[in-house]
Amino acid sequence: VLPWLLHDPNAGYFYIFFDDNQRVYRDRGPIPIAQAPYRLDENCRNTRCIAGVVNQFYTGMGQYKPKVLGPQGQPVEIAVLTDYREEKDQLRRLLHRLFVDNGFSYDQVALLSARGTQTSNILGQHLGNVQLTNQLPLSSNEVFATTIRRFKGLERTVIVLCEIDEYISQEDIDALMYIGTSRAKAYLIVMLGPKTPEGVLEALKPYIRQ
């Protein structure tokens, strides 16, 4: 069907942009192109601090490791929870700090869950005076909150990742964490659950403050 969208179906051009590191839907077939791709290896979105975390989950390392063009930025904030009951309270306090102490606006922040919409205990909840919603445009005191999968391709100034726990399958760890961490332009906060996969803990160990 796609060639018939072109003015010349036989001699027209398609430009296809893709990132295999974000491949979380494994039932999709490969792109049917024989030619070698032209690699876009400059990271124009993330600060250097955020890119350092993103690269822990980048499976295309080596000669094609992306070059980061952004500033150094704020250190990535990582919290390790010991009890699931802590998470909502921690998130409530965190959002209060972002809006009241740090001065971010509500539309600069997105909260992303590594779980699905049916298994999340966070999405759609009230946290203090903040309502989490997946509807746009935002109303007063609302923060956009959805799953990492559904936020693929989007970005925010501040990203808060939560519910990173045993619900992540082993084969999805790198893709989900790569997508989630790379959505943040300036400030990244990662909240690790009590049963965070060992691969995530190992990758983030250098960034966890003791």
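## Two neighbouring strands, E8 and E9

Let's start with one pair of residues: Ile159 has Leu188, in strand E9, as its bridge partner. This pair belongs to a parallel pairing, in which 6 bridges join strand E8 (residues 156-164) to strand E9 (residues 184-192). Keep in mind that the model is predicted. In general, strands of a sheet pair through backbone hydrogen bonds, in a parallel or an antiparallel way.

Helix H3 (residues 173-182) packs on the sheet and touches both E8 and E9. The direction of H3 makes about 145° with that of E8.

## The whole sheet

Now let's step back. E8 and E9 are part of an open sheet of 7 strands with mixed pairing, in the order E3-E9-E8-E4-E7-E6-E5. Which strands form its edges? They are E3 (77-80) and E5 (126-127), each of which pairs on one side only.

Strand E7 (142-147) is a good one to look at. E7 runs parallel to E4, to which 4 bridges join it, and here Leu112 has Thr146 of E7 as its bridge partner. E7 also pairs with E6 in the parallel sense, over 3 bridges, and Leu132 stands opposite Val143 of E7. Why is E7 described as largely enclosed by the rest of the structure? Because 6 of its 6 residues are buried.

Helix H2 (residues 84-101) lies across E3, E4, E5, E6, E7, E8 and E9, and runs at about 155° to E9.

## Two nonpolar cores

In soluble globular proteins, nonpolar side chains tend to be buried together. Here the largest nonpolar core has 32 residues, and those with the most contacts inside it include Leu161, Met177, Leu188 and Val190. Helices H1 (48-54) and H4 (198-204) each give two or more residues to this core, as do E4, E8, H3 and E9. H3 gives the most, with 6 residues.

Val190 shows how distant parts of the sequence meet: leaving aside neighbours within four places in sequence, its contacts include Ile78, Leu161, Met177 and Leu204. Apart from this core lies another, of 22 residues, among them Leu98, Leu127, Val130 and Val158.

## Cysteines without a bond

How many disulfides does the structure hold? The count is 0. A disulfide is a covalent bond between the sulfur atoms of two cysteines. For Cys49, the closest cysteine sulfur is in Cys44, 18 Å away, so the two are too far apart for a bond.

Cys49 counts as buried because its relative accessibility is 16%, under the 20% cut-off. Cys162, at 0% relative accessibility, counts as buried too.

Definitions and conventions: Residues numbered from 1 in each chain as written. Predicted model: local features only at pLDDT ≥ 70, side-chain atom pairs only at ≥ 80, totals over all residues. Heavy atoms only, no water. Pairing = 2+ DSSP bridges. Contact = heavy atoms within 4.5 Å. Axes fitted to C-alpha atoms, helices over the stretch in contact; angles between N-to-C directions. Core = buried A, V, L, I, M, F, W, Y, C linked by side-chain atoms within 4.5 Å. Buried < 20%, exposed > 50% of the residue type's maximum accessible area, 1.4 Å probe, protein only. Disulfide = S-S within 2.5 Å.
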